[in-house]
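Here are my notes for you to read next to the model. Take them point by point and keep the 3D view open as you go.

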Amino acid sequence: MSESSPKKAPSRRQFLTGAAAAGAGAVAAGAARAAGPDPLITDVQDWARATGEGVDATPYGLPIEFESDVVRRNVEWLTADTISSINFTPIHALDGTITPQGCAFERHHSGAIELRKDDYRLMINGLVDTPLVFTYGDLERFPRENRVYFCECAANTGMEWAGAQLNGAQFTHGMIHNMEYSGVPLRSLLQEAGVKPEGKWVYVEGADASSNGRSIPLEKAMDDVMVAFKANGEALRKEHGYPVRLVVPGWEGNMWVKWLRRVEVMEGPVESREETSKYTDTLANGTSRKWTWVMDAKSVVTSPSPQAPIRHGPGPLVITGLAWSGRGAITGVDVSVDGGITWMPARLAAPGTDKALTRFYLDHNWDGSEMLLQSRAKDSTGYVQPTKAQLREVRGENSIYHNNCVQTWWVKENGEAENVEVS
Amino acid sequence: APAMAEKLGLGRAALPEEIAAWDLDVSPDGTGLPAGSGSVEDGEMLFAEHCAICHGDFAEGVDNWPKLAGGKGTLADKDPLKTVGSYWPYLSTAWDYVNRSMPFGNAQTLSADDTYAIVAYILYSNDLVEDDFVLSDENFLDVEMPNAGGFIVDDREATEAHFWTSEPCMEDCKDTVEITMRAAVLDVTPEEIGTEA
């Protein structure tokens, strides 16, 4: 991620179209409540008279056109080009916890490569009894497991360290996705090669030009790291590492090496570019943390939010969002509507699971006044999501990575929301 | 601890040529470096040919492309400039990364000697060696990287121990709340309308 100054981007917010849509919605809702009968009910509509598409129309479907705003977006000024760059999951528009693969964020360092299963090779070498080469077909013959985990980029929310900058949960918190992975434990492959006693680390790298090499302690590699080839039931998408990627539960997304081609057992870490120049976190005094692997507990209200304003006026309001922790399971989420003076426990849609997204709801009765909306996650280790001020107190403002601060949305009387910082 | 698994007999032994082709990583102690050498002088020409269009004639960076030189002593500044000279702890990383992943869009086209020369030129651009310097696998570890001591291992569990609080405040947690920063004032969020489906 570049640290250079943002350039001005096109200026008008979605609020304009949002407000227009809200107006139209209000009219429609008003009509439904008005004295006159609703023609959507009293007139026979086309879809109730004629026929829809046949089952042969769409061998593999995309979302209906009315959902065309639920897409990945990039922010041009963040990086020098779009090849080594990032885009963002539209978390403001999603619900539940599983991220549809087609709009799940991408982060490449030399683009999304095309690697056929037939051309795929995985090498295990280094401090092993027998260095091995596997084909894709070999991997499918190992005992398999299925697990749901979040993959969060270390830089998620990184642009917000120095202040409130990007206006929308997609941009401030959308370098994340959560999928059900099918694959084999990395442990199985290492055991097949036979790890020598001197082996203490593994170095993992991808088949792409950037290679994205990272060092992982052997203990983690033998614990829950997966070599995955399916996500959400189907093959990985090209941009997510087809045909094989590493899944490193709870740890920063950079280590989830895509197009995985080699695992080398080593005595020490390689200290590669992606764990020295990048993915090290500079503190206020100029020293930097390295090996900050775990993603701490974090949450965000996804709606209402800047891209998901309230369009229905006062009354019942669903406040919802996501919480997650790389250290374990989410055990609770508190929500504040007054900027953190008072907190209310939210309802978890399902009990939190290890290192995976958790959906929360607060069923609220909005009186139409301004709100300063916040959420605060707590995980199974007792860790409570900190404020940005608490984080800055320890780290300063130049860490770039690992910003898991409490986010504030200023919801105005007209239902629009804005990314703000509060005292 | 995981049980010792039975081997399944899947995969086949990797050949030496295959390992040599893919196992290119270089560690801080120099493990993995091939024999070879390159001078600042040769590096300057190679850099001009392969690198300068993005990284600048003096490794100072063009537009938003990474700056490879400069920034000495800026790490505690409000806007640190983190380069090979000011930030990178190990020279091995520079050699490894250039050799494997650069030039951007045409990676793995440099010979070992080319890489030594280019890395020598990057060192020269950072005022870390003289213009007659020749870098080789023999003297590689003699080069002192200014920020070699600038890194600590993740210490969050110690320095952020106060984030583990069993009973976070639920009521009257502060007296007042004021908005101190607004994203709409910066106004750098991309336009949302007109996005293709």
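1. Let's begin with how chain B is held together. Among its contacts between residues at least 6 apart in sequence, 57% join residues at least 24 apart; contact here means heavy atoms within 4.5 Å. For chain A, residues 24 or more positions apart account for 73% of the contacts with a separation of 6 or more.

2. Some ground rules before going on. This is a predicted model, in which local features need pLDDT of at least 70 and side-chain atom pairs count only at pLDDT 80 or more, while totals for chains, interfaces and linings use all residues. Residues are numbered from 1 along each chain as its sequence is written, chains are lettered from A and ligands numbered from 1 in the order in which they are written, and side-chain values use heavy atoms, with hydrogens and water left out.

3. Now trace the elements of chain B. You should find 7 helices and 5 strands, running β-α-β-α-α-α-α-β-β-α-β-α from the N terminus on. (Helices are DSSP runs of H or I with at least four residues, strands are runs of E with at least two, and both are numbered from the N terminus.) The radius of gyration of chain B is 24 Å, well over the 16 Å that the globule rule gives for 197 residues, so chain B is more spread out than a compact globule. That radius is taken over C-alpha atoms, and the rule is 2.2 Å times the number of residues to the power 0.38. Along the principal axes, the C-alpha trace of chain B spans about 70 × 55 × 45 Å.

4. What does the surface of chain B look like? About 10800 Å² is exposed, and carbon and sulfur atoms supply 52% of that area; the areas come from the Shrake-Rupley method with a 1.4 Å probe, and for residues only the protein chains shown count as cover. Buried residues make up 42% of the 197 in chain B. (Buried means under 20% relative accessible area, exposed over 50%, and partly exposed in between, with a 1.4 Å probe and protein chains only.) Look at the charges too: chain B has 10 positive and 39 negative side chains, with the centres of the two sets 8 Å apart. Lys and Arg count as positive, Asp and Glu as negative, while His and the chain ends are not counted; each charge is placed at NZ of Lys, CZ of Arg, CG of Asp or CD of Glu.

5. Over to chain A, with its 8 helices and 23 strands. Its radius of gyration is 23 Å, which agrees with the value near 22 Å for a compact globule of 423 residues. Of those residues, 62% count as buried. Chain A has 43 positive and 53 negative side chains, and the centres of these sets lie 2 Å apart.

6. UniProt, in an unreviewed entry, places "domain: Oxidoreductase molybdopterin-binding" at residues 115-270 of chain A. Positions follow the numbering used here, the feature name is shortened, and the annotation may be inferred rather than shown by experiment. This span is 13% helix and 36% strand, and its end C-alpha atoms lie 26 Å apart.

7. Finally, check some backbone oddities. A cis peptide bond joins Tyr242(A) and Pro243(A), with omega about 5°, and Pro243(A) sits in the loop between β10 (234-235) and β11 (245-247). Trp259(A) is not a glycine, yet has a positive phi of about 50°; at 2% relative accessibility, Trp259(A) counts as buried.
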